[in-house]
Amino acid sequence: MRLQKLVSLMKERNFDGALISPGTNLYYLTDLHIHEAGERLTVLVVSADGDYRLLAPSLYENVVRNYPVTFWRDGENPYDKLAWILAEFHLSGGRLLIEDTMRADWLMKVIRLGSFEFHPLSSLMRELRMRKDRHEIEMMGHAAKAADRVFDEILSWDLLGMRERELALKIELAIRELSDGISFEPIVAGGENAANPHHAPGDRRLRKGDLVILDYGAKWKGYCSDITRTIALGRPDERLVEIYEVVKEAQERAYRAVREGVLAREVDGAARETIAKAGYGEYFTHRTGHGLGLDVHEEPYIGPDGNVALENGMTFTIEPGIYVPGLGGVRIEDDVVVHDGRGKRLTRAERELIII
Ligand SMILES: CSCC[C@H](N)C(=O)N1CCC[C@H]1C(=O)O
């Protein structure tokens with residue numbers, strides 16, 4: 001069904017075929033669990049005539065069943081087999097879509113199999129994947145609930161004196177208990193480290209007066225959640241409390257700006273304006289959010305250049321932040337779906353400043 005939609009779009013846009021390597025697009029189109037093929041060539045070949053065949057290592061013989069597939073064994077040259085499939089589908093030349101994330105070593109050998117004009121697969125897949133169906137939104141709801149529950153668990157732990165990396169590990173274990181796994185390595189950033197939006201948890205121990213950014217997500221049936229909360233260990237510096245209130249207000253305003261038909265950049269603008277008016281504009285150093293689904297970062301991006309008009313079924317994060325070097329930072333993030341023309345939060349953990 002999804003593959004048929006891709007084929008229709010390919011025909012409409014005059015593409016002859018597509019070469020899709022393992023990743024979330026392959027999973028979205030086939031439901032096959034081939035996420036980690038490593039160095040062994042694995043490609044789904046799709047023609048605009050509607051033919052399709054997977055080329056896969058024989059390791060997957062027990063995984064890929066009832067699917068048109070050609071297996072190759074270690075010791076064979078898989079590129080010979082790919083050349084045969086391309087010839088059979090009349091794809092040895094022409095306009096082909098190619099997976100944006102295909103490994104460069106595969107790509108360099110694929111290029112030699114014909115005279116192709118390649119275009120990024122994402123240019124079409126974004127149109128298929130940006131609006132989620134009911135089932136997808138339900139899966140994202142499960143992933144979001146797991147993230148909320150983990151936050152409640154974190155609040156019950158004795159955090160004072162814990163190293164950032166220890167807390168990150170505990171968060172990861174709690175996520176794995178409640179879901180299919182993590183959607184990315186958790187971020188735990190305490191005190192001055194919270195001024196780095198993508199801080200890698202280290203040896204710093206959490207101490208009294210710290211604001212701590214906690215950013216993590218769970219996966220459910222492939223779908224991701226992504227939540228950020230910032231908590232205080234004891235009463236923090238008054239400036240940080242003020243910053244917290246500004247970020248909370250910015251997040252709320254951006255959330256309220258979500259409407260069917262509104263441009264992504266208008267949602268970003270609502271957060272950015274709130275922060276700028278409070279005098280912290282230069283410390284909000286990233287976009288307000290990003291699409292969320294099978295990938296943690298996907299379309300639609302909620303930034304100053306976001307030209308996508310929001311539609312029902314789109315899912316994305318709203319996560320403004322303020323990061324002051326040497327002092328610390330605050331980020332508050334929820335996952336949101338456009339539902340009945342307006343935003344609906346999928347993550348619902350407490351957003352008021354919690355002082356432990
Ligand atoms: C995939 S790691 C980062 C997850 C995080 N929630 C996130 O997406 N961001 C943190 C800072 C801004 C934003 C980003 O766009 O990277």
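Let's start with the small sheet: β7, β10 and β11 make an open, three-stranded sheet in the order β7-β10-β11, and its pairing is antiparallel. This is a predicted model, and its chain is split into domain 1 (2-129) and domain 2 (134-345). Below is a quick tour of the sheets, the helices that lie across one of them, the place where the domains meet, and a couple of backbone oddities.

**The three-stranded sheet**

- The edges here are β7 (181-182) and β11 (223-224), each of which pairs on one side only.
- β7 and strand β10 (residues 218-220) run antiparallel, with two bridges joining them.
- If you want a spot to look at, find I182, which sits opposite A218 in β10.

**The six-stranded sheet**

- There's also an open sheet of six strands, and reading across it you get β4-β3-β2-β1-β5-β6, with mixed pairing.
- β4 (69-72) and β6 (115-120) are the edge strands here, each with pairing on one side only.
- Going from one strand to the next, the twist averages 25 degrees.
- As a general reminder, strands of a sheet pair through backbone hydrogen bonds, and they can do so parallel or antiparallel.
- Strand β5 (residues 93-98) and β6 are a parallel case, joined by six bridges.
- L97 is a handy marker for that pairing, as it stands opposite H119 in β6.

**Helices across the six-stranded sheet**

- Helix α1 (residues 2-12) lies across four strands: β1 (17-20), β2 (43-47), β3 (52-57) and β5.
- Relative to β2, helix α1 runs at about 55 degrees.
- Helix α4 (residues 104-111) lies across β1, β5 and β6.
- Its angle to β6 is about 145 degrees.

**Where the two domains meet**

- Taken over C-alpha atoms, the centres of domain 1 and domain 2 are 35 Å apart.
- Six residues from domain 1 and eight residues from domain 2 take part in the contact.
- About 620 Å² is buried between domain 1 and domain 2, and carbon and sulfur atoms account for 45% of that area.
- Charged pairs show up too, with four salt bridges counted between domain 1 and domain 2.
- Another salt bridge to look up is R129 with D295, where the closest N and O atoms are 3.1 Å apart.
- Four residue pairs are in polar contact across the interface of domain 1 and domain 2, with both partners at pLDDT 80 or more.
- On the side of domain 1 that touches domain 2, the elements giving two or more residues are α2 (24-30) and α5 (122-129).
- Of the elements on that side of domain 1, α2 gives the most, with three residues.

**Salt bridges overall**

- The total count comes to 33 salt bridges.
- One of them pairs D133 with R2, the closest N and O atoms being 3.8 Å apart.
- That pair ties together distant parts of the chain, 131 residues apart: D133 is in the loop between α5 and α6 (134-155), while R2 is in helix α1.

**Backbone oddities**

- In general, most residues other than glycine have a negative phi, and most peptide bonds are trans.
- The peptide bond that joins E299 and P300 is cis, with omega at about 0 degrees.
- P300 itself lies in strand β14 (residues 298-302).
- D31 isn't a glycine, yet its phi is positive, near 70 degrees.
- You'll find D31 in the loop between α2 and β2.

Notes:
Residues numbered from 1 in each chain as written. Predicted model: local features only at pLDDT ≥ 70, side-chain atom pairs only at ≥ 80, totals over all residues. Heavy atoms only, no water. Pairing = 2+ DSSP bridges. Axes fitted to C-alpha atoms, helices over the stretch in contact; angles between N-to-C directions. Contact = heavy atoms within 4.5 Å. Domains from an automatic or database assignment. Buried area = accessible area lost by both parts, 1.4 Å probe. Salt bridge = Lys/Arg side-chain N within 4 Å of Asp/Glu carboxyl O. Polar contact = N/O pair within 3.5 Å; in protein donor to acceptor, adjacent residues only side chain to side chain.
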